[in-house]
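Visitor: I've got a few minutes before my next gel. Could you walk me through this structure?

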Amino acid sequence: VNRAHRDVADMTARLNAARTQLQQVTERIDRLDSEGKELSSVIAGAQAELKDARTRIEQAVETLHRLEGRRETLQQERDSLNAALNAAREQARTDRESAHELALKLESRRSLKDSTAKNMGRMQTQLAQLEARTSELQHAIDDAAAPIKQHEAELNELLEQRTRMDAELAEARNAVESVAEALRELEQTRMSKERAAEALRDEVQQLRLGSQELRVRRQTLVEQLTEEGYTLEQVLEGMPEEAALQTWVERLSDIEQKINRLGPINMAAIDDFAKDSEKKEYLDKQLADLTEALTTLENAIRKIDRETRTRFKETFDRVNAGLQASFPKLFGGGHAYLELTGEELLDAGVAIMARPPGKRNSTIHLLSGGEKALTAVALVFSIFELNPAPFCMLDEVDAPLDEANIGRFCDLVRGMSDRVQFVFITHNKGTMELANQLVGVTMHEPGVSRLVAVDVDEAVRIAAM
């Protein structure tokens with residue numbers, strides 16, 4: 001039934017293609033008729049323009065012969081004038097350079113003269129200012145020389161007074177330092193005595209507190225014994241001789257810790273135990289169900305893994321066989337195969353090992369761009385052979401291939417085209433020759449695209465007619 005459906009679909013596609021081709025041929029014939037008429041009118045106009053152009057050319061040739069002699073005379077005059085012009089230009093350039101050098105020298109001399117005049121003016125002004133300042137300083141020196149002797153006497157007297165004051169100050173400082181040293185020693189003695197007295201006071205206070213604590217504890221113990229119906233004398237008589245306070249304290253602390261760990265008495269513990277038992281039974285049932293479900297899932301996973309490994313190995317072998325068969329067809333020799341990169345089938349990767357004829361490379365990474373493209377085409381066709389579809393689209397697969405590889409690629413596509421309809425996008429002429437029908441996009445007017453379809457067989461038949 002599927003084959004019949006495919007046949008019906010194929011026949012329907014061929015019928016639609018034939019109808020489309022018929023419509024296209026009709027439109028092309030009409031378009032060729034209109035273009036023929038347009039070309040006839042264009043040819044007639046072109047012939048008239050050609051005749052007119054020939055007449056103009058003949059007239060231009062006659063004029064050219066007349067002007068040829070005049071051109072030679074003018075050429076000689078132009079050469080002589082160019083020589084004179086070059087000589088005049090050279091002389092003018094030399095004169096301009098000399099004039100420029102003289103102008104530069106004159107300008108530098110003028111600048112030097114102006115700067116010298118300015119410097120002379122500034123120096124004269126500074127000289128006048130210095131002479132006036134010198135006279136002022138001389139008058140000031142004469143006025144200040146009179147009171148110097150009086151000031152020197154007063155200074156000597158003040159220096160003697162300062163010497164006496166320094167001696168007295170040194171004696172006073174020595175006395176103060178000795179008194180301060182004695183005070184420091186007394187202060188240290190007082191502080192040591194106070195520390196000793198403070199230590200004694202603390203020790204007395206600790207002894208008082210200990211005595212008070214012992215009295216309180218003794219009174220408490222006597223009261224507890226009285227409440228229990230004992231007297232201190234009876235307890236002392238019944239106490240063993242090896243009894244020690246530290247041992248009884250440790251035993252008491254141990255018993256208190258055990259009681260604290262037990263916590264408060266829970267009267268509802270029996271009911272809680274019953275509820276917890278029921279909850280445990282319910283959880284045990286759920287655990288059993290989950291364990292059973294887990295076992296079922298693990299068995300299913302193992303079954304799926306086993307089936308997956310089997311199907312993967314079968315598919316891998318079929319694709320590998322297809323690659324080994326397609327690769328020599330595309331390369332004209334050589335061999336290629338698939339290789340697993342791990343031991344576990346479900347986790348292993350797949351590597352392509354390809355060796356074109358004449359090469360000893362071990363991996364596909366060492367191939368050129370065209371060789372990689374052909375290897376990929378061989379692998380794709382091998383995978384496509386596992387579950388072929390009615391249609392297969394190839395988008396510029398032949399772009400990196402040369403002419404020889406294009407031929408082998410077309411042979412492989414032609415061999416599969418009897419059971420698969422190929423739709424491919426290409427710019428290669430060799431691949432276009434393989435097609436039965438071409439569909440292109442043209443821009444007859446700027447900015448306006450139009451689809452153009454050509455039935456190759458029909459076009460060949462029309463061309464043959």
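Visitor: Let's start with one side chain: is Phe381 buried or exposed?
Guide: Sure, and keep in mind that this is a predicted model. A residue counts as buried when its relative accessible area is under 20%. Phe381 has a relative accessible area of 2%, so Phe381 is buried.

Visitor: Which ring does Phe381 pair with, and how is the pair classed?
Guide: Planes under 30 degrees apart would count as stacked and those over 60 as edge-to-face, with the rest called tilted. Phe381 sits with its ring centre 6.1 Å from that of Phe422, and the planes are at 55 degrees. So the partner is Phe422, and the pair is tilted.

Visitor: How many residues apart are Phe381 and Phe422?
Guide: This pair links distant parts of the chain. Phe381 belongs to helix α6 (residues 369–384), while Phe422 belongs to strand β4 (residues 421–425). Phe422 is buried too, with a relative accessible area of 13%. Along the chain, the two are 41 residues apart.

Visitor: Which element gives the most to the largest nonpolar core?
Guide: That core has 30 residues, and those with the most contacts inside it include Phe381 and Phe422. At least two core residues come from each of α5, β1 (335–340), α6, β3 (391–395) and α7 (403–416). With 7 residues, the top contributor is α6.

Visitor: What about Phe327 and Phe331: how is that ring pair classed?
Guide: A search of the whole structure turns up 3 aromatic pairs. For Phe327 and Phe331, the ring centres are 4.1 Å apart and the planes are at 25 degrees. That angle falls under 30 degrees, so the pair is stacked.

Visitor: Which helix holds both Phe327 and Phe331?
Guide: The two are 4 residues apart, about one turn of the helix. Both are buried: Phe327 has 0% relative accessibility, and Phe331 has a relative accessible area of 8%. The helix is α5 (residues 269–331).

Visitor: On to charges: how far apart are the closest N and O atoms of Arg93 and Glu90?
Guide: The whole structure has 11 salt bridges, and a salt bridge here needs the nitrogen and oxygen within 4 Å. Arg93 and Glu90 are 3 residues apart in helix α1 (residues 2–144), about one turn of the helix. Their closest N and O atoms are at 2.3 Å.

Visitor: Which residue forms a salt bridge with Arg414?
Guide: Arg414 is partly exposed at 44% relative accessibility. Its partner is also partly exposed, with a relative accessible area of 47%. The two are 3 residues apart in helix α7, so about one helical turn separates them. With the closest N and O atoms 2.9 Å apart, the partner is Asp411.

Visitor: Now the strands: which residue in β6 is the bridge partner of Thr442?
Guide: Strand β5 (residues 437–445) and β6 pair in the antiparallel sense over 7 bridges. Their hairpin has 2 residues between the strands, and Gly447 there takes a positive phi near 85 degrees. Across from Thr442, the partner in β6 is Arg450.

Visitor: Last one: what is the area of the nonpolar surface patch that includes Val454?
Guide: Val454 lies in strand β6 (residues 448–455). Its relative accessible area is 34%, so Val454 counts as partly exposed. Together with Met432, Leu438 and Val452, Val454 makes a patch of about 250 Å².

How values were computed: Residues are numbered from 1 along each chain as its sequence is written. This is a predicted model: local features need pLDDT of at least 70, side-chain atom pairs count only at pLDDT 80 or more; totals for chains, interfaces and linings use all residues. Side-chain values use heavy atoms; hydrogens and water are left out. Patches are made of residues with over 30% relative accessible area and no salt bridge: like charges are joined within 9 Å, nonpolar side chains (Val, Leu, Ile, Met, Phe, Trp, Tyr) within 5 Å. Accessible areas come from the Shrake-Rupley method with a 1.4 Å probe; for residues, only the protein chains shown count as cover. A salt bridge is a side-chain nitrogen of Lys or Arg within 4 Å of a carboxyl oxygen of Asp or Glu. Buried means under 20% relative accessible area, exposed over 50%, partly exposed in between (1.4 Å probe, protein chains only). Rings of Phe, Tyr and Trp (its six-membered ring) pair if their centres lie within 6.5 Å; planes under 30 degrees apart count as stacked, over 60 as edge-to-face and the rest as tilted. Two strands pair if DSSP finds at least two bridges between them. A nonpolar core is a set of buried Ala, Val, Leu, Ile, Met, Phe, Trp, Tyr and Cys residues joined through side-chain atoms within 4.5 Å.
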